[in-house]
Amino acid sequence: MTMNTPQMNAPDEIIRARNITKRYGGVHALTGVDFVIRRGKVTTLFGENGAGKSTLMKILSGVEQPTSGSIELDGVEVAFASPSDAVDLGITIIHQELNLAPNLSVRDNIFLGREAKTATGTIDYTAENQIVEELMTQLEEDITPDTLVSDLRLGQQQIVEIAKALASNARVLIMDEPTSALSATEVGVLFKVISDLTASGVSIVYISHHLEEALHVTDYAVVFRDGSLIATEVRANIDLPWIINTMVGHAPEPVFDNHTPTYGDVTLSIRNAHVPDQSTPGRLSVEGVSIDVRAGEVVCIYGLMGAGRTELLEALAGRLPLVSGSVELEGTDISDLSIRERIERGLALVPEDRQRDGLVQLLSVGHNISLASLGAIAKGFWLSSRAEKRNVDRGIAEVRVKTSSPRASITSLSGGNQQKVVIGKMLLTNPHVLLLDEPTRGIDVGAKGEIFALLAAEARKGLGVLFVTSEITEALTASNRIIVMSRGKIVREFLTAEATREEVMSASGESDAIDSDSADSHHNNRPSHELSSAHRKNGAVL
Amino acid sequence: MSTSTLTHGQRPRVDPPALQQSPNKPAGKIDFLALLMEGRALIALIVIIIIFSLLSDNYLTLSNLLVMTRHVALNAILAIGMLMVILNGGIDLSVGSTVGLSGVIAGVLLQGLGIPALDIILYPAVWVVIACSLIIGTLVGFINGILITKFRVAPFVATLGMLYVARGAALLITDGRTFPKLQGSPELGNTGFNLIGNAAPLGVPMAVWVMLVIAAVAAFVLGKTAFGRWLYASGGNERAAELSGVPVKKVRVRVYMIAGFCAAIAGLIISSELTSAAPQTGDSYELNAIAAVVMGGAALSGGRGNIRGTLIGAFVIGFLADGLVIVGVSSYWQMVIKGAVIVMAVALDQLQQRLKTNKALTYKAPTKQKIPPTDREPASSSPQ
């Protein structure tokens, strides 16, 4: 192979993290991680959601501080109190979420906080414009410095983020899911920029859920699982199946017992749904999706972020409009109804962002859980506190919220119990179909199990469940059927009993080669030819 | 950063403490302070009464207390309507103008409504006059609500516009003049209007009775009806409320209608007290109402506040203002002192919120699964 053998001697290492541990409250996000970033190489972090990749990157970029452990930069121990400390030392992170001011120009964003000054102390626009133009030439983007960021497509905004990082003359560049918003061409350009950068001595840390893309670009692979570093390998020694197997490990299997279900009639029927993209006018986030959910069935939509999953659920719930297509609940078209009317007819959504969309932080546990069903228990104008208490008690018992009292503040509960309150709130409306968007986001393992057990129990009573997840284990253990979405479309559908990790994960990825392969065979254990040649090309550059 | 950063690659964790960390203090001290803070508006009221009764013998007399309470009542009625709007996260700048407009409407009707085409002058009965005036006030609020929900004009701007429009309308109707002598005449069958402001059943002015009734009804609505809960929920987190099926737009329109209704009642009381209706009546009353609401512990961001607090807030402002007059402080100083007290009250309120947070954090810690000494807690864990 063209790859050099890994050299363990110091001059090759730009960053060495020793025994990094990070705790949030009682939860270990990282345990004893030893980690090396090599000069002028691309190091990719692999791992499922919650494996600890982002936490490590936040520590390396100064966003968070480790509970214990040390970081050495060029052999000298350093500590970052804030992101600007890290930037001063040449470590820059490009976050997955864009951190741009949409009301400012591309130039102003790129130099925000580090404005070039003239002799009199005003901003030196000429110098800034020149640098921006050079950067844009390098990135092969036709964006003028004066363009407002809000006028750019999401992909172009991502390019601006990258340009911003480049302008800071980073020695270490951390990229968290840099390609999620990019088109195929833009991804190609990005990879070229990455190889230019590494050639000039910049070290790249790369995080991506697109395994094939990551394999394409990387020199070293580091795999995380459950907050620990499991393996470090050179590119030459690894392939896609190795990564998937190492990432997933032998995860504990199901808490879920809806594997021999009896289904009723189709309750929710989505036909050819098209949903507009909220961030880019004129584009669609969901294109022609059709799904049937039967009573008693638990259907999972698996896919990467940005696959249109959230938009689909929000359109079903009535928050977003449908451009075309229809939604039928028990045979009647509900596409024109308001959120309220849909809930009354039995379609309820448990939203993705619990804090933003799920809870009213100023209200108590009890008032939160009864919020959606108040109209039903109020008799005319009068809201009987006894009727409400019965309702609240029923809700709390049904989803087993652990709270000192229904009067307790909702913010005093743990994430898992808060999520149970949100689910209980919607269950109290007696839904026929429950939609859940990432129902286990940010909650501990025990609560995850409880929530899926609860859903299975409700399904046995005839509830149709449609939930979205980006955790493969959840998809495989908590559903009867898996629908894989990518870029707004359904790419594959599995009966959970017949699906394998590799198939589902490959189907959600962006690689056409993998897709067509896995469509033919159920055992796609070889890296595609295209990939290895791409890698060879990449290796030659280095 | 927001919680959306949790999506990827983060270890499942307990949600970040909803609120910012701040220096720990001994628990006992916090409790004492918190108690003091909780009742600070009431304490302020008591302090004001004590100080002014020491400064003037006339302050703490039954007659003066009744007079002051009558002044307070007008502001309190406006403040209760304003509280509804502020609980919703909005603001209503038009209530002062609505006070003037509704008074003028009553004035026009009692003076006789001429219909030139038929060559007659209508003298509606007093109850019709009152009803018309209340309807106009509610309608003003309805228009505010529609502008805000349907046309998505920011509440501040929509009601600022209405402030001018309603005032202008009042001036147009009267041509800038004042309607005097609204007591009516027996032969026209429209007497009794002056009773609203001047009657005093059981020795307590009518305005105070009206305030008590409105406060009781409002407290009932906020505490015992679905509408009340919806109001708190949509003010606290409109997105979550909407996804829970709360008719957030309907709620929003209603609160502005309530504010307009309350303003009309205040307008009727004032014009009845004076038995005349001037188009300038109620100028800048909206600011006093807002002051009473925030003094009473409501959050301008919505979702937090109650009737009891608002009433106390209105009393603090009213008793302070009248006290300053009685002891003869110059009117310029009165304004300075009033302004300072309002700002201080809100600053204390913020302090109280922080204290609560600290308490929640220090209280929460031991109940969690043993947290080791957190020397390196994330200093930047973002609030929600």
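Which residues are exposed on the other side of H6(B)? In this predicted model, they are Val157(B), Tyr164(B) and Leu172(B). The rest of the helix gives the context.

Helix H6 of chain B covers residues 155-174. Its 20 residues reach 28 Å from the first C-alpha to the last. That span is close to the 28 Å expected at 1.5 Å a residue. Many positions in H6(B) are buried: Pro155(B), Ala158(B), Thr159(B), Met162(B), Leu163(B), Ala166(B), Arg167(B), Ala169(B), Ala170(B) and Thr174(B). Viewed down the axis of H6(B), the buried residues fall within an arc of 160°, so they line one face of the helix. These buried residues pack against two helices of chain B, H4 (95-111) and H5 (126-149). Val157(B), Tyr164(B) and Leu172(B) lie on the other side. After H6(B) comes Asp175(B). The phi of Asp175(B) is positive, near 55°.

Chain A offers a view of a single buried residue. Ile59(A) sits in helix H1, which spans residues 53-60 of chain A. Is Ile59(A) buried or exposed? Ile59(A) is buried, because 25 other C-beta atoms lie within 10 Å and the cut-off for a buried residue is 20 or more. Leaving aside residues up to four places away in sequence, Ile59(A) touches Ile20(A), Lys22(A), Glu64(A), Gln65(A) and Pro66(A). Ser82(A) is 23 residues from Ile59(A) in sequence. In space, the two are 9.6 Å apart, C-alpha to C-alpha.

Conventions: Residues are numbered from 1 along each chain as its sequence is written. Chains are lettered from A and ligands numbered from 1 in the order in which they are written. This is a predicted model: local features need pLDDT of at least 70, side-chain atom pairs count only at pLDDT 80 or more; totals for chains, interfaces and linings use all residues. Helices (H or I, at least four residues) and strands (E, at least two) are DSSP runs, numbered from the N terminus. A residue is buried if 20 or more other C-beta atoms lie within 10 Å of its own, exposed if 12 or fewer, and partly exposed in between; C-beta atoms are placed from the backbone. Two residues are in contact if their C-beta atoms, placed from the backbone, lie within 7 Å. The expected span of a helix is 1.5 Å times one less than its number of residues. The arc is that of the directions from the helix axis to the C-beta atoms.
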